[in-house]
Amino acid sequence: MKESQLQSAVLDWLHLHKFFAKKINTTGIYKEATKSWIPSSNVGCPDIIAIREGQAFGIEVKSKYGKQSDHQKEWQSEFERHGGIYILVKDLLDLEAIFDK
């Protein structure tokens, strides 16, 4: 499954389980006129930010062999330092295992 497909499945699962969840654009913007990318101001931010019952979750979605970048690891550290819960999801079962305890 492609990361984009897994992201959609994760968002569907979160909404079904009463989370407020939004996909964050981390890829930047392509400028056709200059044939170049404007970097995102969200570098390192997880793919999805979710909130439920006052708790913030950062959810990074990766393919089976995907790895976090250094920027993502730094973002995770800062997010957790401020009380957020960061989750790395490579399969929908990862998400279910965390929340269906």
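How exposed is Glu78? Let me start there, since this residue leads us into the rest of the structure. Glu78 is partly exposed, with a relative accessible area of 39%. Before going on, please keep in mind that what you see is a predicted model.

So where does this residue sit? Glu78 lies in helix H2, and there it forms a salt bridge with Arg81, with the closest N and O atoms 2.8 Å apart. Why can these two reach each other along the helix? Glu78 and Arg81 are 3 residues apart in H2, so about one helical turn separates them. As a reminder, an α-helix has 3.6 residues a turn, so residues three or four places apart point the same way. The partner, Arg81, counts as exposed, at 59% relative accessibility. For a sense of distance, take Arg52: it is 26 residues from Glu78 in sequence, and the two C-alpha atoms are 20 Å apart in space.

Let's look at H2 as a whole. The helix has 12 residues and reaches 17 Å from its first C-alpha to its last, close to the 16 Å expected at 1.5 Å a residue. Which residues of H2 are buried? They are Gln72, Gln76 and Phe79. Seen down the helix axis, these buried residues fall within an arc of 70°, so they line one face of H2. That face has partners too: the buried residues of H2 pack against S5 and S6. Turn to the other side of H2 and you find Asp70, Glu74 and Arg81, which are exposed. Just after the helix, Gly83 takes a positive phi of about 95°.

Now for those two strands. S5 and S6 pair in the parallel sense, over 5 bridges. If you would like a spot to find by eye, look for Gly58, which stands opposite Tyr86 in S6. How does the chain get from S5 to S6? The path goes through helix H2, residues 70–81, and this β-α-β crossover is right-handed. So the helix we began with is the link between the two strands, as well as packing against them.

Next, please move to the other helix I want to show you, H1. This one covers residues 3–16, which makes 14 residues, and reaches 20 Å from first C-alpha to last, close to the 20 Å expected at 1.5 Å a residue. The buried residues here are Leu6, Gln7, Val10, Leu11, Trp13 and Leu14. They cover an arc of only 160° around the axis, which puts them on the same side of H1. And what do they touch? The buried residues of H1 pack against strands S1 (20–23), S4 (48–52), S5 (55–61) and S6 (85–89), and against helix H3 (92–99). On the other side of H1, Asp12 and Leu16 are exposed.

Just past H1 comes Lys18, in the loop between H1 and S1. Its phi is near 65°, a positive value in a residue other than glycine. Lys18 is exposed, with a relative accessible area of 68%. Glu53 is another residue to look at for its backbone: phi there is near 50°, again positive in a residue other than glycine. You will find Glu53 in the loop between S4 and S5, and at 79% relative accessibility it counts as exposed.

Let me finish with the salt bridges. How many does a search of the whole structure find? The search finds 3. You have already met the one between Glu78 and Arg81. Another joins the side chains of Glu32 and Lys35, at 2.3 Å from N to O, and Lys35 is exposed, with a relative accessible area of 54%. Then there is the pair Lys62 and Glu60, whose side chains meet at 3.5 Å, N to O. Are these two residues buried or exposed? Lys62 is buried, with a relative accessible area of 9%, and Glu60 counts as buried too, at 1% relative accessibility.

To recap, then: H2 carries the chain from S5 to S6 in a right-handed crossover, its buried residues line one face, and the partly exposed Glu78 forms a salt bridge with Arg81. Thanks for listening!

Notes: Residues are numbered from 1 along each chain as its sequence is written. This is a predicted model: local features need pLDDT of at least 70, side-chain atom pairs count only at pLDDT 80 or more; totals for chains, interfaces and linings use all residues. Side-chain values use heavy atoms; hydrogens and water are left out. Helices (H or I, at least four residues) and strands (E, at least two) are DSSP runs, numbered from the N terminus. The expected span of a helix is 1.5 Å times one less than its number of residues. Buried means under 20% relative accessible area, exposed over 50%, partly exposed in between (1.4 Å probe, protein chains only). The arc is that of the directions from the helix axis to the C-beta atoms. Contact means heavy atoms within 4.5 Å. Two strands pair if DSSP finds at least two bridges between them. A crossover is right-handed if, with the strands pointing away from the viewer, the path from the first strand over the helix to the second runs clockwise. A salt bridge is a side-chain nitrogen of Lys or Arg within 4 Å of a carboxyl oxygen of Asp or Glu.
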